[in-house]
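Reader: I should be grateful for a close look at one part of this structure. Please take a single strand and its surroundings, and set them in the context of the whole chain.

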Amino acid sequence: MQHVDFTPLYRSTVGFDRLFKLLDTVGGLEREQTTYPPYNIEQVGENAYRISMAVAGFSRDEIAVEVKEAALTVKGEHADNGDQDRQFLHRGIAARSFERRFQLADHMEVKGADLKDGLLHIDLERNVPERLKARTIEIGGEGVKQIDAS
C-alpha cells in the first residue's frame, strides 16, 4: 500500500489527527495480521454491529474478550490436552492459539459475547452522548435582549 500524505487536510480540519494516524498505520497492520481465525463484521441495526469469529474447537474457558480504551482484543489459547500422544494421519483442524485486535470507533460499547456452534459472536453498539448529537439552534431576531447595568 502506498503512503498517503494527509498534511493538506490538517489545514482545514480540527481534531481528526487520531483518524489520520490510524489511516497511516492501516497499510502496515494489514500485512502483519494473519487470516486466522476468519471473521465477519456486520451491521445489524442503525447503531448496532456484530463481529462473528469462527473458533471451532475452542471452549468458553479458552477464549478471552477484552476491551481496553478503543481496542477490542480476542485471544484464544488451547489448553494442553495431550495431543503429543495422538498420531494424526491428517490434521486439518487448526489447533493454534490466536490473538485478534479490532480498533473501535469513538462511543462504541461491547454489549456482550456469545459462543454457539463454533462461532463467537460479539455484539457492539454505538452510543453517542446527547451533547454530541445534532441539534437545531434557534436564531434570534427582533427581540434583542439588552443587559442592564444596574
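Author: The account below begins with the chain, turns to one strand and its sheet, and ends with the core and some backbone details.

The model is predicted. The protein chain holds 2 helices and 7 strands, and from the N terminus on these elements run α-α-β-β-β-β-β-β-β. Of its 150 residues, 19% count as buried. The chain exposes about 12,400 Å², and carbon and sulfur atoms supply 49% of that area. Among contacts with a separation of 6 or more, 50% are between residues 24 or more positions apart.

The strand chosen for the close look is S4, which covers residues 71-76. S4 belongs to an open sheet of 3 strands, ordered S3-S4-S5 with antiparallel pairing. The edge strands of this sheet are S3 (63-68) and S5, each of which pairs on one side only. From one strand to the next, the twist averages 15°. In general, strands of a sheet pair through backbone hydrogen bonds, in either a parallel or an antiparallel manner. Between S3 and S4, the antiparallel pairing extends over 6 bridges. One position can be named on each side: alanine 64 has lysine 75 in S4 as its bridge partner.

Threonine 73 lies in S4 and offers a useful point from which to view the surroundings. Is threonine 73 buried or exposed? Its relative accessibility is 8%, and because buried means under 20%, threonine 73 counts as buried. Leaving aside residues up to four places away in sequence, threonine 73 touches Ala64, Val65 and Glu66, together with Glu99, Arg100 and Arg101. The residues Ala64, Val65 and Glu66 fall within the range of S3 (63-68), while Glu99, Arg100 and Arg101 fall within that of S5 (98-103). The contacts of threonine 73 thus follow the strand order S3-S4-S5.

The neighbouring position, Val74, leads to the nonpolar core. The largest such core has 17 residues, and Val74 is listed with Met53, Val55 and Leu120 as having the most contacts inside it. The elements that give two or more residues to this core are S2 (48-54), S4, S5, S6 (108-116) and S7 (119-126). Leucine 120 shows how these parts meet: not counting residues up to four places away in sequence, its contacts include Met53, Val55 and Val74. Leucine 120 also touches Ile51, Ser52, Ile63 and Val65, as well as Ala113, Asp114 and Leu115.

Some backbone details elsewhere in the chain deserve attention. As a rule, most residues other than glycine have a negative phi, and most peptide bonds are trans. Histidine 107, in the loop between S5 and S6, has a positive phi near 70°. With a relative accessible area of 33%, histidine 107 is partly exposed. Aspartate 117, in the loop between S6 and S7, likewise has a positive phi, of about 55°, although it is not a glycine. Aspartate 117 is exposed, at a relative accessible area of 72%. Finally, the peptide bond from tyrosine 36 to proline 37 is cis, with omega near -10°. Proline 37 is found in the loop between helix H2 (17-32) and strand S1 (39-43).

Notes:
Residues numbered from 1 in each chain as written. Predicted model: local features only at pLDDT ≥ 70, side-chain atom pairs only at ≥ 80, totals over all residues. Heavy atoms only, no water. Helix = DSSP H or I, 4+ residues; strand = E, 2+ residues; numbered from the N terminus. Buried < 20%, exposed > 50% of the residue type's maximum accessible area, 1.4 Å probe, protein only. Contact = heavy atoms within 4.5 Å. Core = buried A, V, L, I, M, F, W, Y, C linked by side-chain atoms within 4.5 Å. Pairing = 2+ DSSP bridges. Axes fitted to C-alpha atoms, helices over the stretch in contact; angles between N-to-C directions. Areas by Shrake-Rupley, 256 points an atom, 1.4 Å probe, with all protein chains shown as cover.
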